[in-house]
Amino acid sequence: METLIGSTAGVISTICWLPQTLRAWRTQHTADLSLPTNMMVFASIALWLVYGLMLNAWPMVIANAIALVMVGSIITAKLKFG
């Protein structure tokens with residue numbers, strides 16, 4: 001049951017970054033995105049990833065690894081287009 005709950009939470013929390021990531025790259029408009037906020041989110045996701053690795057919690061690891069790539073992509077878009 002714990003794995004199902006963790007996996008569901010991971011899927012939802014990862015998918016939520018997909019629309020923003022796609023929009024930032026598709027429109028190249030990032031003026032409304034906060035760089036400091038995205039940097040803090042990136043740092044928190046990185047820490048959750050490390051925590052998941054320490055616990056061998058693979059749903060947490062996989063979800064946070066994917067989210068880290070997406071938020072990193074948003075940050076990259078912000079730096080490139082903002």
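Glutamine 28 counts as partly exposed, because its relative accessibility is 46%. In this predicted model, glutamine 28 sits in the loop that joins α2 (18-27) to α3. Its phi is positive, near 60 degrees, although the residue is not a glycine. A second residue invites the same description: asparagine 56 is not a glycine either, and has a positive phi of about 55 degrees. Asparagine 56 belongs to the loop between α3 and α4, and it counts as exposed because its relative accessibility is 52%. The cut-off that applies here is 50%, with values over it counted as exposed. As background to both cases, most residues other than glycine have a negative phi.

**Overall architecture**

The chain contains 4 helices and 0 strands, and its elements follow the order α-α-α-α from the N terminus. The C-alpha trace spans about 40 × 20 × 15 Å along its principal axes. Of the 82 residues in the chain, 28% are buried. The exposed surface of the chain amounts to about 5500 Å², and 72% of this is supplied by carbon and sulfur atoms. Among contacts in the chain with a separation of 6 or more, 72% join residues 24 or more positions apart.

**Packing of helices against α4**

Helix α4 (residues 58-81) takes part in each of the packing arrangements listed below.

| Helix pair | Axis distance | Angle |
|---|---|---|
| α3 and α4 | within 8 Å | roughly 160 degrees |
| α1 and α4 | 9 Å | about 5 degrees |
| α2 and α4 | within 9 Å | roughly 25 degrees |

The axes of α3 (residues 35-55) and α4 cross at roughly 160 degrees. The two helices are therefore roughly antiparallel, the relevant threshold being an angle over 145 degrees. The crossing of α3 past α4 is left-handed. Sorted by class, the residues in this contact are 20 nonpolar, 4 polar and 1 charged.

Helix α1 (residues 2-15) packs on α4 at an angle of about 5 degrees, and α1 is therefore roughly parallel to α4. On the α1 side, the contact is formed by Thr3, Gly6, Ser7, Gly10 and Thr14. Their counterparts in α4 are Pro59, Ala63, Ile66, Ala67 and Met70. By class, the contact of α1 with α4 consists of 5 nonpolar and 5 polar residues, with no charged residues.

The pair α2 and α4 crosses at roughly 25 degrees. Since angles under 35 degrees count as roughly parallel, α2 and α4 are assigned to that category. Their crossing is left-handed. From α2, Leu18, Gln20, Thr21, Ala24 and Trp25 make the contact. They meet Met70, Ser73, Ile74, Thr76, Ala77, Lys80 and Phe81 of α4. This contact comprises 7 nonpolar, 4 polar and 1 charged residues.

Met70 of α4 appears in two of these contacts, being listed in the contact with α1 and again in the contact with α2.

**Synopsis**

In summary, α4 runs roughly antiparallel to α3, but roughly parallel to α1 and to α2. The loops on either side of α3 carry the two residues with positive phi discussed at the outset: glutamine 28 lies between α2 and α3, and asparagine 56 lies between α3 and α4.

Notes. Residues are numbered from 1 along each chain as its sequence is written. This is a predicted model: local features need pLDDT of at least 70, side-chain atom pairs count only at pLDDT 80 or more; totals for chains, interfaces and linings use all residues. Side-chain values use heavy atoms; hydrogens and water are left out. Buried means under 20% relative accessible area, exposed over 50%, partly exposed in between (1.4 Å probe, protein chains only). Contact means heavy atoms within 4.5 Å. Accessible areas come from the Shrake-Rupley method with a 1.4 Å probe; for residues, only the protein chains shown count as cover. Axes are lines fitted to C-alpha atoms, for helices over the stretch in contact, and angles run from 0 to 180 degrees between N-to-C directions. Angles under 35 degrees count as roughly parallel, over 145 as roughly antiparallel, 65 to 115 as roughly perpendicular and the rest as oblique. A crossing is left-handed if the near helix is turned anticlockwise from the far one by less than a right angle, and right-handed if clockwise. Ala, Val, Leu, Ile, Met, Phe, Trp, Tyr, Cys and Pro count as nonpolar, Asp, Glu, Lys and Arg as charged, and the others, Gly among them, as polar.
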